[in-house]
Structure formats: C-alpha cells, structure tokens
Amino acid sequence: MNTAVSLDLFAAGGDPRYTALQGLRRRLVRFASGLSRTKDFETAAWAGHGVGVEIGEMSDTALRALARCIVDYRVPVFADSGAFGAFMRGLRKGGAAHIDFPRVLSGYDRLTSLIYEANEAEDKLPPPLLVMPDIVGDQLASLSLVRTYAAYIRALVAFPGVARAVIPLQGGDLTLTEAYDEVVQIIGSDHFIAGLPSNAAAIPPSDFTAFLREAQPRAVHILGAFADSRLTPRLNQILDANLPYNLAISADANPLRSIIVDRGQT
C-alpha cells in the first residue's frame, strides 16, 4: 500500500476537506458509457476521453476499431457486460432478462486479442476494465456467478497489464465486506476492482464507508455516475473512510441519460 496521506497536509491550501476532495477528483478516471458505436468511441478516444462500451453491442469490426483506438490514443476503456441493461429490461417487462455470459467473456477475449495484434511495438497500454458476470440487485446469484467463472477471473487477475477485472458487489444478507471477502476466497486474490453502485438506495453511504474501512480494497469503480453531482457523495464517503493509502478510483455512466431523463424517472 502507498504511504498514508493525511488531510492535515492540505490545511495550508485552505479548507482541507475541499482540497482533499479536489485531489480525489483529479485521480478519478471517468468513462462515458453508451459509446458502443464506432463513430462515437473513435471521437471520444481522439478527444482523450475515457470510453465505455457494452461488449454485447460490439461487432467484430467495432472491436477491431476499439483496439486500434486503445493502441493509437492510449485511451482508457471500460467494457460492460450489459447486466444493468438486462436488469432495466427485466423491470420493464416484469421479469428477469437473461445474459449469455459465455458470449460476454468471449467478447472480452476477442478485444484483448485484437489489442495484442494491434500493439506491434509492444507498448505499455492502459488495460481495459472488464466487468465480470453479475446480476444486479441479487447478491447470492452474483456470488454464484463468481464461483462459476472463477477460473476465467483468476486468469484475468493474473495478468493486470492485459486487462483489469471489475467485480460488482451487491447488497444482500452479507455485508459488503463479507461479500468482498468471499470473492477474494473464491478467486484467491484481491487484485481486482470492486464495483459499487453510485445509487445510495442500493448501497447506503454508511455501508459504503464501512466497506472501505474494513476491506480496504485495492481499487473501486463507481457504477452509474459521471457528473460531479452524482460522484461527490461517494467521494465524500471515501474521505470519511480515512484510508491509509491512495485508493484507485474510476466511474462510469451514460452522460446523455442525465440530460434526457429527469431525476427519478424510470
């Protein structure tokens, strides 16, 4: 772990809380999700912005173009499994929506293979973040999926320079720390990114802060947040945890959704 950073170090620059919050924002890697179309992610990559895609929406041609963007522009990429979209479709239809996770993992493998092919100079590239199988809102089923695909996840976390595994943690009967510890036990490593929802209804602030204090994960990804207005509560909770190291932080959301969908609208 990195050397502890005390908020007192920022006191000379004004309000230490505000200065520390600004420090977290500078470290935060943001991904604009919903950019699965080639023209969309190529434009974002050219502009130097983090790209978020849904792997199931990507054709082989699009995956090849995305790999080229990663090599040419060194763009950070977040590849989602589509679990949240399936969850929302299930809510609309009054039932569960199925995801073909073997197909999702095959898509991830194809992307990493294409990155390798395009990287002829063998340059060091930002490894794409790949969301592992889960079921939104169902802790037990999500942990079961981690067990089912444990061999795949183990292989992924063994090579963090190739890709980084994001394992979403759901609320449920187990505390977040207990769920995290179970994931660590299943895959035999804590070298993964803990995915946590930005929505306080899914993970209350006190639970989020307690998890950070107790589990001290290596990295967290805040799911469903892009703008400062959505991210600031979680960043403040990270400060409340008073971690003795610099936590790696990333986040993703579709920035268009916040423009076209009113708060509270389904």
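A crossing of two helices is called left-handed if the near helix is turned anticlockwise from the far one by less than a right angle, and right-handed if it is turned clockwise. That term returns below, once the overall fold has been introduced. The model described here is a predicted one, in which local features need pLDDT of at least 70 and side-chain atom pairs count only at pLDDT 80 or more, while totals for chains, interfaces and linings use all residues. Residues are numbered from 1 along each chain as its sequence is written, and side-chain values use heavy atoms, with hydrogens and water left out.

A good place to start is the overall inventory. The secondary structure of the chain amounts to 11 helices and 8 strands; these are DSSP runs numbered from the N terminus, with helices (H or I) of at least four residues and strands (E) of at least two. The chain has 266 residues, of which 45% are buried, where buried means under 20% relative accessible area, exposed means over 50%, and partly exposed lies in between (1.4 Å probe, protein chains only). Contacts, defined as heavy atoms within 4.5 Å, often link distant parts of the sequence: among those between residues at least 6 apart, 76% join residues at least 24 apart.

The 8 strands close into a barrel, following the order E1-E2-E3-E4-E5-E6-E7-E8 with parallel pairing. Neighbouring strands of this sheet are turned against each other by 25 degrees on average, direction ignored. Such angles are taken between axes, which are lines fitted to C-alpha atoms (for helices over the stretch in contact), and run from 0 to 180 degrees between N-to-C directions. Two strands are said to pair if DSSP finds at least two bridges between them.

Two of these pairings can be followed residue by residue. Strand E2 (residues 50-54) pairs with E3 in the parallel sense over 4 bridges, and valine 51 has valine 77 as its bridge partner in E3. Further round, strand E5 (residues 164-168) and strand E6 (residues 193-197) pair in the parallel sense over 3 bridges, with isoleucine 167 opposite alanine 194 of E6.

In a regular strand the side chains alternate between the two faces of the sheet. For E3, both faces are covered, with Val77 and Ala79 buried on one side and Phe78 and Asp80 buried on the other. E6 likewise has both faces covered: Ile193, Gly195 and Pro197 are buried on one side, Ala194 and Leu196 on the other. With 5 of its 5 residues buried, E6 is therefore largely enclosed by the rest of the structure.

Strand E8 (residues 248-253) contains serine 250. This serine 250 is buried, at a relative accessible area of 6%. Leaving aside residues up to four places away in sequence, serine 250 touches Leu28, Val29, Phe31, Leu129, Val220, His221 and Ile222.

Attention now turns to the helices. The axes of helix H1 (residues 16-27) and helix H10 (residues 228-241) come within 10 Å and cross at roughly 115 degrees. H1 and H10 are therefore roughly perpendicular to each other, given that angles under 35 degrees count as roughly parallel, over 145 as roughly antiparallel, 65 to 115 as roughly perpendicular and the rest as oblique. Their crossing is right-handed. H1 contributes Arg17, Ala20, Leu21, Leu24 and Arg25 to the contact, and H10 contributes Asp228, Thr232, Leu235, Asn236, Ile238, Leu239 and Asp240. By class, the contact comprises 6 nonpolar, 2 polar and 4 charged residues, where Ala, Val, Leu, Ile, Met, Phe, Trp, Tyr, Cys and Pro count as nonpolar, Asp, Glu, Lys and Arg as charged, and the others, Gly among them, as polar.

Helix H10 also holds alanine 241, which is buried with a relative accessible area of 6%. Alanine 241 touches Thr209, Leu212 and Arg213, not counting residues up to four places away in sequence. Its C-alpha atom is separated by 8.8 Å from that of phenylalanine 208, 33 residues apart along the chain.

Two loop residues complete the picture. Arginine 74, in the loop between helix H3 (60-73) and strand E3 (77-80), has a positive phi of about 55 degrees although it is not a glycine. Arginine 74 is partly exposed, at 36% relative accessibility. Glutamate 122 sits in the loop between helix H5 (101-118) and strand E4 (129-131). Glutamate 122 also has a positive phi of about 55 degrees without being a glycine, and counts as exposed at 65% relative accessibility.
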